[in-house]
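Reader: I have a structure open on my screen. Show me how to read its cavities, charge pairs and buried residues.

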Amino acid sequence: MTSPVETIQSVQLNEQEDELILLDQTLLPNKKAFLHLSTIKEIWDAIYHLKVRGAPAIGIAAAYGIYLETKKSKAVTFPELYDDFQKNKQYLASSRPTAVNLFWALNRMEECLQKVAEKSITEIKNALKEEAEKIRIEDEIVCRSIGEHALTLLKPGFGILTHCNAGTIATAKYGTALAPVYLGKEKGYDFKVFADETRPLLQGARLTAWELQEAGVDVTLICDNMASLVMKEGKVQAVLVGCDRVAANGDTANKIGTSGLAILAKYYRVPFYVCAPLSTVDIECETGDDIPIEIRNPEEITKAWYEKPMAPENVKAYNPAFDVTDHELITGIVTEKGIAYPPYRDSLLNLATKER
């Protein structure tokens, strides 16, 4: 069986057709289909509606998207081109408020633009394309490195609990929290993965369970509220999750339900690891209290995944997309340059300045 790691590229640039090609994650696991997007509005919609999701994949999509839109610009001077770029950057940045990779990628594209300001318009556009490609290629390298570091924390036969989807379809390749699972499979580690279904959008059930099953990994799907029991029964030796933003003090924002897992892991003395590229670390964000939390449509809870509504008509529903896990609950944060341990303010900064 061929792994999705080898067969699926969730975000691609089609330069000939001036379009962004995305795996539509809202259709999985029942249908594997790709979107062909040519307008910035379509790309914004794909990010907002989770057709592309996962912090690294969102950043890659945004980088390609702003390149494609800049390529269309009729500007003949740099100030005109820069003005167009800024409008498009602000528009794409408004699609998701929590995932810092979105803003990181857009800011990196702007830095590239400014560096080549003296060049011709054609050369500037080519530079943006090359920068977007670098972001995608670097993410693949980063994810494999995260997997290699995380694998040093695990032993063959471990039971691993994960939440949401931090796999290959959420990144350029390998994933973050699932990278050590794929690398472990290559080495015959025989991990047994428990995947939370991850209410209300079921990324664990629809995406993680599908992805791991396709790769031939031993995966068991559980409801979110079963995590305590599998930990109590001794079936879990480590919790691995991804992350959408890391604050300077080590607080992390991830899919709603993650902080509850961290509390359970602390109680049952199960190591809790966050796997995240350093591009997800927001040094300007002091603590988790400063991370904006996206509030989504209540219908995702009451109607979205049912043939008929499963809640009373007009009932109030609260639907935050993320929660913040306190740094005191995190055993370690696994990055591409190594593993950060408390105190995170020091260790994350040291890794961020470390040469590869």
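Author: We take the cavities, then the salt bridges, then two single residues and a helix. Keep in mind that this is a predicted model.

Reader: Start with the empty space. How many cavities of 30 Å³ or more are there?

Author: The count comes to 2 cavities. The largest has a volume of about 220 Å³. The second largest holds about 60 Å³.

Reader: Which residues lie nearest the centre of the largest cavity?

Author: Arg53, Gly54, Ala55, Asn165 and Asp244 do. The whole lining has 22 residues. Sort them by kind and you get 10 nonpolar, 8 polar and 4 charged.

Reader: Which elements supply at least two residues of that lining?

Author: Helix H3 (55-72) and strand S9 (252-255). H3 gives the largest share, with 3 residues.

Reader: Now the second largest cavity. What lines it?

Author: The lining includes Thr198, Arg199, Pro200, Leu201 and Gln203. Lys255, Ile256, Arg296 and Glu300 also belong to it. Asn319, Pro320 and Ala321 line it too. By kind, this lining divides into 5 nonpolar, 3 polar and 4 charged residues.

Reader: On to charges. What is the general idea?

Author: Side chains of opposite charge can pair when their charged atoms come close. The cut-off for a salt bridge is a nitrogen-to-oxygen distance within 4 Å. This structure holds 20 salt bridges.

Reader: Give me one to inspect. Which residue forms a salt bridge with arginine 108?

Author: Glutamate 138 does, and the closest N and O atoms are 2.8 Å apart. Arginine 108 sits in helix H5 (residues 100-115) and glutamate 138 in helix H6 (residues 121-151), so the bridge ties together parts 30 residues apart in sequence.

Reader: Is arginine 108 buried or exposed?

Author: Arginine 108 is buried, at 15% relative accessible area. Glutamate 138 is partly exposed, at 29%.

Reader: What about pairs inside one helix?

Author: Start from the geometry. An α-helix has 3.6 residues a turn, so residues three or four places apart point the same way. Here, glutamate 133 forms a salt bridge with arginine 136, with the closest N and O atoms 3.4 Å apart. The two are 3 residues apart in helix H6, which means about one helical turn separates them. Glutamate 133 is partly exposed, at 26% relative accessibility. Arginine 136 is buried, at 15%.

Reader: Which residue does arginine 245 meet in a salt bridge?

Author: Aspartate 282, at 2.9 Å from N to O. The pair links distant parts of the chain. Arginine 245 is in strand S8 and aspartate 282 is in strand S11 (residues 281-282), 37 residues apart. Both residues are buried.

Reader: Which residues join into one network through shared partners?

Author: Arg96, Glu294, Arg296 and Glu300 do, through salt bridges that share partners. You have met two of these names before: Arg296 and Glu300 also line the second largest cavity.

Reader: How do I read a charged residue that has no salt bridge?

Author: Ask where its nearest opposite charge is, then look for polar partners. Take aspartate 251, in the loop between strand S8 (245-247) and S9. Aspartate 251 is buried and has no salt bridge.

Reader: Which side chain of opposite charge is nearest to aspartate 251?

Author: Arginine 345, and that is 7.7 Å away. The side chain of aspartate 251 does have a polar contact of 2.8 Å, with the side chain of histidine 327.

Reader: Next, a polar residue in a loop. Where is serine 94?

Author: Serine 94 is in the loop between helix H4 (78-93) and H5. Serine 94 is partly exposed, at 43% relative accessibility.

Reader: What does the side chain of serine 94 contact?

Author: Trace two partners. One is the side chain of tryptophan 44, in a polar contact of 3.0 Å. Another is the backbone oxygen of tyrosine 91, which lies 2.6 Å from a polar atom of the serine side chain. For a sequence-distant reference, take isoleucine 47. Isoleucine 47 is 47 residues from serine 94 along the chain, and their C-alpha atoms are separated by 9.9 Å.

Reader: Last, a helix. How many residues of helix H7 are buried?

Author: In H7 (residues 179-186), 6 of the 8 residues are buried, and the helix is mostly covered. The buried ones are Ala179, Pro180, Val181, Tyr182, Leu183 and Gly184.

Reader: What follows H7?

Author: Glycine 188 does, and its phi is positive, near 75 degrees.

How values were computed. Residues numbered from 1 in each chain as written. Predicted model: local features only at pLDDT ≥ 70, side-chain atom pairs only at ≥ 80, totals over all residues. Heavy atoms only, no water. 1 Å grid on protein atoms, 1.4 Å probe; cavity = no way out; pocket = protein on both sides within 12 Å on 5 of 7 lines; lining within 4 Å. Points joined across faces, edges and corners; volume = space filled by probe spheres on them. Helix = DSSP H or I, 4+ residues; strand = E, 2+ residues; numbered from the N terminus. Nonpolar A, V, L, I, M, F, W, Y, C, P; charged D, E, K, R; others polar. Buried < 20%, exposed > 50% of the residue type's maximum accessible area, 1.4 Å probe, protein only. Lys, Arg positive; Asp, Glu negative; His and termini not counted. Polar contact = N/O pair within 3.5 Å; in protein donor to acceptor, adjacent residues only side chain to side chain.
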